[in-house]
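Subject: Handing over a structure, with notes

Dear colleague,

I am passing on the structure below, and my notes on what was found in it follow directly after. Please read them with the structure open beside you.

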Amino acid sequence: MIHIIYEFCKSKLKIFPTGPVNLSEALVALTNDVFCRVAFGRKFNRGGDANRLQAMLVEFLDLLGTFDVGDFIPSLAWVSGLNGFNARVRKNVEELDACFERVIEEHIQCRRDCDDRENILDVLLALQNDPSVGVALSRDSVKALILDMFVAGTESVHAVIDWAMVELIKHPETMKAVRDEVDRSIETGEMIKEDDIETMNYLKMVVREVLRLHPPFPLLLPRESIEEVELFGHNLPSKMRIFINAWAIGRDPESWEDPEEFYPERFTNIAVDFKGKDFELIPFGAGRRSCPGIHFATPMIDLAIASLLRHFDWDLPEGRTGEELDMDEGTSGHRKSRLLLIAKPRLG
Ligand code: HEM
């Protein structure tokens, strides 16, 4: 992960020395590269397989966020057959399945020829053949686990880094304070390592504030009540679909002073964290269903932001100011607009 982020700053972003960088697009590519390396042990060719996988994941998420009337009124499920929704779902599932099938076959072939690689897919394939595991892991389960990780991980991580850069552009004094902290912690050298970010407390407060205001899963994942329950005077029947509004919880004036303000310093005086123990801040959910990827996501976000600030000065094009940035959110917790910035290399 560290090398991919470093390479991203050293070579990928430097090819735009004068014109604006579409940072949002670059961050999607960065997170996909990291996940492909972790899951499959290699990056996909940019422009070829990588773009196709990216497009399939975007379509998958779009379908996931589409209102399917049959989910809510079962007698109207036929509508999805008429309006093309079912056909889109089938096409997307078939394409993803074929892509993962190809990668799995390549891994099986490679494991026969060379056994010095270890990535998540290798581990899952090894578990399939391990009788001591005690659970039968089918080929479909392996594909589902990989898909789960890509969908839950890539979209959320790049959305948070994107929002962080937006807030830092809007608040130049905060950006300067984070950069000063990064420069102090690194002193010499260019590549930032996980140990380096341990001491970057202000950066961590900034990320916490970004997650409070812009949780990438604003409604977490849907739940269903398993039995009838009374909650704050309301009777909830069993089998009811329940959404938890983490976005509103993060902006609740009863928990947060000036909740709409981006103010990372608030965390100097309050010990509220996002790990699921403090219910005022639950961008990763809470309880048994909470995000299993939190310990992968947080160092990646910290490393990416620290590296972007260490390697570049960032400005809006054409003398625009942060105040002019559009802060509208899409349905999925992403910012609606793409972030276009001028990146001036700092380290030669
Ligand atoms: C900033 C980054 C991330 C955020 C904010 C986030 C947040 C969440 C949330 C809110 C949920 C649902 C929890 C609930 O409903 O209580 C979830 C589920 C999940 N997350 Fe993350 N996540 C992030 C990154 C990741 C990463 C990097 C991975 C994988 C490496 C990952 C893997 C998963 C998986 C597999 C689930 C589904 C669990 C289930 O099916 O119950 N997440 N995440």
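How far is an oxygen atom of the ligand from an N or O atom in the side chain of Arg 223? The separation is 2.6 Å, which falls under the heading of a polar contact (a pair of N or O atoms within 3.5 Å; within protein, one must be able to donate a hydrogen and the other to accept it, and residues adjacent in sequence count only if both atoms are side-chain atoms).

Before going further, please keep in mind that this is a predicted model, in which local features need pLDDT of at least 70 and side-chain atom pairs count only at pLDDT 80 or more, while totals for chains, interfaces and linings use all residues. Residues are numbered from 1 along each chain as its sequence is written, and side-chain values use heavy atoms, with hydrogens and water left out.

The surroundings of the ligand

An oxygen atom of the ligand also lies 2.5 Å from an N or O atom in the side chain of Arg 289, and at Leu 221 a polar backbone atom is 3.1 Å from an oxygen atom of the ligand. The elements that contribute two or more residues to the shell around the ligand are α8 (139-170) and α14 (294-311), where helices (H or I, at least four residues) and strands (E, at least two) are DSSP runs numbered from the N terminus. Of these contributions, the one from α8 is the greatest, at six residues.

There are 24 residues around the ligand, and Leu 221, Arg 223, Pro 283, Arg 289 and Cys 291 come nearest; a residue is counted as near if one of its heavy atoms lies within 4 Å of the molecule or strand in question. Sorted by class, the shell has 16 nonpolar, five polar and three charged residues, with Ala, Val, Leu, Ile, Met, Phe, Trp, Tyr, Cys and Pro counted as nonpolar, Asp, Glu, Lys and Arg as charged, and the others, Gly among them, as polar.

The iron atom and Cys 291

The iron atom of the ligand has a single donor from the protein, namely the SG atom of Cys 291 at 2.3 Å; donors are N, O and S atoms within 2.8 Å of the metal (3.2 Å for Na, K and Ca), and water is not among the atoms, so sites may look incomplete. Cys 291 is found in the loop between α13 (266-269) and α14, and it counts as partly exposed because its relative accessibility is 31%, given that buried means under 20% relative accessible area, exposed over 50%, and partly exposed in between (1.4 Å probe, protein chains only). An unreviewed UniProt entry places the feature "binding site" at Cys 291.

Other places to look

Arg 288 is also in the loop between α13 and α14, and Arg 288 counts as exposed because its relative accessibility is 89%. Its C-alpha atom is separated by 9.8 Å from that of Gly 276, twelve residues apart along the chain.

Glu 324, in the loop between β6 (312-315) and β7 (340-345), counts as partly exposed at 46% relative accessibility. Although Glu 324 and Lys 170 are 154 residues apart in sequence, they are 8.7 Å apart in space, C-alpha to C-alpha.

Finally, Phe 232 has a positive phi of about 45 degrees although it is not a glycine, and Phe 232 lies in the loop between β3 (229-231) and β4 (234-236).

With best wishes

How values were computed. UniProt positions renumbered as here; feature names shortened; annotations may be inferred.
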